[in-house]
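Hi,

Here is the structure I promised to pass on. Have a look at it first, and then read my notes underneath.

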Amino acid sequence: MPRPIELWYWPTPNGWKVSIALEEMGLAYEMKPVNIGKGEQFEPAFQKISPNGRMPAIIDPDGPDGLPLSIFESGAILQYLAAKSGKFYATDLRRKAEIDQWLFWQVGGLGPMAGQTHHFRQYARAVTPDQRHIAYGVARYTNETHRLYGVMDRRLADRDYLAGDYSIADMAAWPWVLPELQGQNIDEFPNLKAWLDRVGSRPAVIAGRALGEALRGNLAASGKAAEDARKLLFGQRAR
């Protein structure tokens with residue numbers, strides 16, 4: 001029997017990408033929580049797996065040639081898991097390129113921009129009381145997220161999924177489309193709205209999204225615990 005893949009994880013959009021993929025692909029896995037609010041991502045043992053000090057990361061004990069393999073960065077993890085399982089990816093170069101470009105679009109665009117939108121709309125107000133310090137950031141990233149929603153809406157006008165058939169590109173993008181948190185009216189984007197519901201109704205997506213939900217805290221809350229977590233997450237420098 002194959003040994004379970006270790007999923008080093010915290011319930012955030014980047015973490016959900018991989019938990020959804022593992023559920024969709026039917027791969028056995030074991031969750032290893034990395035509490036980013038307590039700084040566990042900085043522990044030497046974890047940084048051996050993820051040199052960037054970010055989750056998610058995985059260890060496949062039955063990697064190539066039967067030897068363990070650790071991987072960090074969610075896009076690379078999705079490609080590896082899809083290749084290992086033979087599901088939701090492609091070997092044909094044309095089809096593979098179609099999936100890869102939308103996967104990298106999410107990794108380099110939708111994720112970072114939506115993440116900044118979350119920061120300025122939700123968390124920055126708890127960091128500084130002077131709203132003038134954050135007004136530009138709110139407008140800049142909310143508008144960019146709106147633009148990216150438009151990109152997806154146009155793409156989905158004549159297809160059900162980003163790269164044609166359902167793939168790791170959809171698994172990567174779906175967790176990052178959070179209209180209410182991102183100041184967006186999803187009704188402006190009917191094709192995106194239908195895709196959001198279509199993907200979100202899949203049993204494996206529901207299960208992957210729910211993984212570790214009870215572990216989540218509110219970084220925008222008052223109190224010492226939330227304040228300490230914000231200092232850890234938003235004040236990081238090279239060590």
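Let me start in the sheet: Ile-58 stands opposite Ile-71 in strand 4. Strand 3 (57-60) and strand 4 (69-72) pair in the antiparallel sense over 4 bridges. Pairing here needs at least two DSSP bridges between two strands, and helices (H or I, at least four residues) and strands (E, at least two) are DSSP runs numbered from the N terminus.

Before going further, the small print. This is a predicted model, with local features needing pLDDT of at least 70 and side-chain atom pairs pLDDT 80 or more, while totals for chains, interfaces and linings use all residues. Residues are numbered from 1 along each chain as its sequence is written, and side-chain values use heavy atoms, leaving out hydrogens and water.

Back to the sheet. Its 4 strands are in the order 2-1-3-4, open and with mixed pairing. Strand 2 (29-33) and strand 4 are at the edges with a single partner strand each, so one side of each has no neighbour in the sheet. From one strand to the next, the twist averages 20°. Helix 3 lies across strand 1, strand 3 and strand 4, and runs at about 135° to strand 4 (axes are lines fitted to C-alpha atoms, for helices over the stretch in contact; angles run from 0 to 180 degrees between N-to-C directions).

Ile-58 turns up again in the largest nonpolar core, which has 51 residues: Ile-58, Leu-81, Met-152, Ile-168, Leu-192 and Trp-195 touch the most other members. A nonpolar core means buried Ala, Val, Leu, Ile, Met, Phe, Trp, Tyr and Cys residues joined through side-chain atoms within 4.5 Å; buried is under 20% relative accessible area, exposed over 50%, and partly exposed in between, with a 1.4 Å probe and protein chains only. Helix 4 gives the most to this core, with 7 residues. Leu-81 has contacts (heavy atoms within 4.5 Å) with Ile-5, Val-18, Leu-22, Met-25, Leu-27 and Ile-58, leaving aside residues up to four places away in sequence. There is also a second, separate core of 9 residues, including Phe-46 and Met-55.

Helix 4 (residues 93-127) also holds Thr-117, which counts as buried because its relative accessibility is 1%. The Thr-117 side chain reaches the backbone oxygen of Tyr-141 at 2.9 Å, and a 2.7 Å polar contact joins it to the side chain of Thr-145. For polar contacts I used pairs of N or O atoms within 3.5 Å; within protein, one must be able to donate a hydrogen and the other to accept it, and residues adjacent in sequence count only if both atoms are side-chain atoms.

In helix 8 (residues 203-210), Ala-204, Val-205 and Gly-208 are buried. They are on the same side of helix 8 because they cover an arc of only 100° around the axis, taken from the directions from the helix axis to the C-beta atoms. Strand 1, helix 1 and helix 7 are among the elements covering them.

A few backbone spots to check:

- Met-55 and Pro-56 are joined by a cis peptide bond, with omega about 5°.
- Glu-73, in the loop between strand 4 and helix 3, has a positive phi near 80° without being a glycine.
- Phe-88, in the loop between helix 3 and helix 4, is not a glycine either, and its phi is positive at about 65°.

Cheers
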